[in-house]
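Notebook open, structure loaded. I want to see how a few odd spots and a few helices are put together.

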Amino acid sequence: MDSLQRMDAVPQGRRRRPWTWERAYPILTLLPSIIAIAIFVYGFIFWTGYISLTKWNTLTVNLAWNGLRNYALLFQQFRFQADLRNLLVFTILFILCCLVIGLLLAVMVDQKLRTEALFRNIFIFPMALSFIVTGVVWQWLFAPNSGVNLILKALGVKHLPQWYVDPTIVPPGWHVGQIQLGLPIALIAVVVAAVWQMSGFAMALYLAGLRAIPEELKEAAAVDGANAWQTFWKVTFPQLHPITVTTTIILAHISMKIFDLIYAMTGPGPMFATDMPSLNMFNTTFQGNHYAQGAAIAIIMLLLIAVFIVPYLVSAFRQEGRS
Amino acid sequence: MKGKKALRLGGAAAVLVALTTACGTAGTANNASNTAGAGTEEKKIEIFSWWTGAGEADGLNALIKLFQQKDPGVQVQNSAVAGGAGTNAKQVLATRMQAGNPPDTFQVHAGAELMAWVDAGKMEPLNDLYQSQGWNDKFPQQLIDMVSKDGNIYAVPVDIHRGNVLWYNKKIFDQYHLQPPTTFDIFFKDADILKQHGITPLGLGDKDTWEATMLWEDVLLGTVGPQKYDQIWQGKVSWDDPGIRQSLETFKKMLQYVNSDHAALDWQDGSQLVATGKAAMNVMGDWAKGYYTTDLKLKPNVDFGWCVTPGTEGDFMVISDTFGLPKGAPHPNTVLDWLKVLGSTEGQDVFNPLKGSIPARIDADPSKYDVYSQQAMADFKKDQLTPSLAHGSAASPGFLDAVNTAMKVFVTNQDIDQFISALKTAAQENNLGQ
């Protein structure tokens with residue numbers, strides 16, 4: 001921290017300093033990655049954006065201008081409308097469940113148990129798996145004729161849930177555009193699998209947050225006569241606010257890009273009940289050879305994620321600047 | 001408080017990194033690696049395919065071995081890309097072709113899938129090769145038509161799979177004295193009997209959607225016949241045609257007899273339902289035979305039987321793998337030698353028995369093939385050949401993708417009007433028949 005402050009201070013003190021190795025060194029070391037990111041990230045974002053405005057919708061490259069027609073077509077599609085609904089529902093459920101379960105696990109693990117390390121590892125372990133593995137495992141667990149349903153059957157349940165094969169959307173009756181709004185039942189199975197995998201991650205972040213809260217605060221609360229419940233909600237929980245924001249943002253972008261889990265587990269699902277923009281983009285681009293249309297989906301995904309993340313980054317860096 | 005700040009900043013940095021990675025994936029998924037050979041013509045060839053499964057990989061290796069016997073000293077690079085019926089391979093291929101870095105030769109389905117490359121001006125005509133090898137009457141004319149455009153032939157077919165086959169559980173059929181359903185009337189009569197006895201009449205696994213599209217195309221062929229079926233994909237038939245509507249009515253009726261969990265199963269699961277006796281029938285291409293005999297160790301005509309799908313007697317839904325010569329291939333002369341081996345009876349008889357397909361030539365040696373294939377070979381010589389939509393032979397990938405999208409909705413809501421209007425839009429958007 002000390003050396004960092006010193007480096008910050010130097011340019012302000014002497015503006016017109018001659019080029020020295022010491023000054024050029026940090027720039028030179030950063031230069032390769034800056035150039036690489038400029039080309040391979042931002043260059044390709046612009047290229048994708050440009051492609052999305054062209055007529056390149058066959059194998060033959062066709063960069064003729066098409067305006068916003070690809071976007072217009074996209075929003076008229078049943079599939080894309082369903083994607084947006086699913087994305088919204090999935091993101092909300094996924095983030096909420098991960099936060100709640102993650103916080104619960106973190107508080108439980110934080111009880112100064114002797115076996116803390118063991119539980120911590122158990123809870124975080126699913127994160128070590130790839131989404132593909134999770135997808136295949138949960139596909140079988142939720143298959144209508146195996147897994148969970150065998151247990152339910154043995155318990156005597158008559159109407160077995162169809163899980164991700166069920167095309168029902170609840171509550172019935174809300175039609176917007178070509179689709180029905182609401183919670184697709186099929187999506188619940190996917191949310192369970194995703195939460196199983198990622199709630200350990202939320203726990204890890206919360207655990208770090210809990211450890212960062214000074215003991216004195218809790219002691220002060222105890223002196224003031226607060227019980228454990230009050231201490232948690234009035235002292236600990238508000239202190240965890242930045243962690244909650246960070247975790248939400250990270251989970252949100254995972255959920256918006258989700259592809260592998262759904263690809264392995266359910267595919268687009270009945271009536272596209274478990275489809276996501278990423279899956280649609282993959283099919284459109286690489287199976288349908290509609291490159292321009294696929295690029296349009298990619299740009300919309302980027303914008304959706306940006307809506308979440310840009311305000312967060314701005315506020316985070318502004319706060320850093322203030323301190 | 002410092003700890004909190006650091007945490008927040010760390011979180012922000014993590015998000016930023018993750019975000020840039022996300023965009024990178026979206027923008028650069030096209031960046032496939034490539035290692036093309038030098039410009040001078042060496043005796044070297046890169047063969048691009050998606051043959052990585054058990055039987056097909058053996059077949060390819062046997063072909064390569066034969067090629068190396070005929071052409072000693074030739075270096076073969078087998079660039080097979082694994083994964084889902086060629087999905088990944090086609091993506092890698094598209095990237096390489098667009099980057100002007102084609103493999104020497106690549107696997108492609110006869111019909112629209114090949115024509116996409118021909119229309120893009122990426123393929124060399126092979127008329128001279130056909131002439132010099134005397135192949136023009138060794139392949140059925142209808143098959144040559146599927147790999148030709150404006151009088152130029154662009155690829156050599158290696159194998160033939162049949163799409164319009166109905167597999168049934170022989171024991172169940174014997175037990176209830178059922179007739180193989182060669183017509184829709186028999187099919188529904190059988191299905192009703194099976195349903196009464198609590199057996200799922202038709203096994204289906206359409207998790208990947210093409211399985212349902214394939215079932216419909218077989219129903220369509222059985223309903224409208226081969227001529228009209230061909231004309232539909234040439235854009236010469238109105239989508240309001242009563243035949244198309246009737247095929248959808250029949251298809252809809254069939255869907256009442258399928259297993260309820262079909263959306264959770266893939267084609268192998270669907271075929272397996274017949275093998276285990278959970279379902280009595282299954283419509284699948286004849287690669288299912290390889291799955292039954294090799295993977296599940298079932299005996300043809302004992303454990304499972306087959307017939308053509310209802311109403312398609314005398315028709316042969318063709319799925320054919322072909323190889324051609326892309327423009328700008330680094331070693332064109334070696335490719336021509338390779339294609340000579342592929343098109344020879346010797347080459348076809350080495351490859352096809354291992355893959356479980358039948359030869360594309362009509363003069364191959366039937367004794368090398370099993371009982372199913374011998375029958376298919378006999379049919380192949382005399383039947384009307386029709387291109388499969390579900391496997392990319394009948395129409396462009398863009399149209400097929402749109403049909404699959406509409407099909408995913410149709411199998412659930414079974415709304416015929418909506419499906420037909422989706423077909424109309426798809427045909428317009430993708431310039432069907434041009």
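**Odd backbone spots.** I started with H177(B), which sits in the loop between α7 (170–175) and α8 (184–196) of chain B. Helices here are DSSP runs of H or I with at least four residues, strands are runs of E with at least two, and both are numbered from the N terminus. H177(B) is not a glycine, yet its phi is positive, near 55 degrees. Its relative accessibility is 72%, so it counts as exposed. My cut-offs: buried is under 20% relative accessible area, exposed is over 50%, and partly exposed is in between, with a 1.4 Å probe and protein chains only.

Ground rules before going on. This is a predicted model, so local features need pLDDT of at least 70 and side-chain atom pairs count only at pLDDT 80 or more, while totals for chains, interfaces and linings use all residues. Residues are numbered from 1 along each chain as its sequence is written, chains are lettered from A and ligands numbered from 1 in the order in which they are written, and side-chain values use heavy atoms, with hydrogens and water left out.

I also looked up N431(B), in the segment after α17 of chain B. It is another non-glycine with a positive phi, about 50 degrees, and at 45% relative accessibility it is partly exposed. In chain A I noted a cis peptide bond between V170(A) and P171(A), with omega about -10 degrees. P171(A) belongs to the loop between β1 (169–170) and β2 (175–176) of chain A. I flagged these spots because most residues other than glycine have a negative phi and most peptide bonds are trans.

**Helix α17(B).** I checked the length of this helix, residues 416–429 of chain B: its 14 residues should span 20 Å at 1.5 Å a residue, and the end C-alpha atoms are 20 Å apart, so the two agree. The expected span is 1.5 Å times one less than the number of residues. Which residues of α17(B) are buried? I find I416(B), F419(B), I420(B), L423(B), A426(B) and A427(B). Down the helix axis they fall within an arc of 120 degrees, so they line one face; the arc is taken over directions from the axis to the C-beta atoms. The spacing fits the general rule: an α-helix has 3.6 residues a turn, so residues three or four places apart point the same way.

The face turned away from the buried side carries D417(B) and Q428(B), both exposed. The buried residues pack against α9 (210–233), α10 (242–255) and α16 (397–413) of chain B, where contact means heavy atoms within 4.5 Å. At the N-terminal end D415(B) acts as the cap, with a side-chain oxygen 3.2 Å from the backbone nitrogen of D417(B).

**K408(B).** I followed the packing to K408(B), which lies in α16 of chain B. Is this lysine buried or exposed? It is buried, at 5% relative accessible area. Setting aside neighbours within four places in sequence, K408(B) contacts P268(A), G269(A), P270(A), M271(A) and F272(A) from chain A, plus D206(B), K207(B) and T209(B). Its side chain makes a 3.5 Å polar contact with that of T209(B). Polar contact here means N or O atoms within 3.5 Å; within protein, one must be able to donate a hydrogen and the other to accept it, and residues adjacent in sequence count only if both atoms are side-chain atoms.

**D321(B).** This aspartate is in strand β11 (residues 315–324) of chain B and is buried, with 4% relative accessible area. Its side chain has a polar contact of 2.9 Å with the side chain of Q107(B). Among the other residues it touches are W50(B), W51(B), H109(B), D159(B) and K355(B).

**Domains and core.** The assignment, automatic or from a database, splits chain B into domain 1 (44–160 + 320–386) and domain 2 (165–317 + 390–429). Their C-alpha centres are 27 Å apart, and the contact takes 20 residues from domain 1 and 22 residues from domain 2. Last, I pulled up the largest nonpolar core, with 82 residues; Y130(B) and W338(B) are among those with the most contacts inside it. Such a core is a set of buried Ala, Val, Leu, Ile, Met, Phe, Trp, Tyr and Cys residues joined through side-chain atoms within 4.5 Å.
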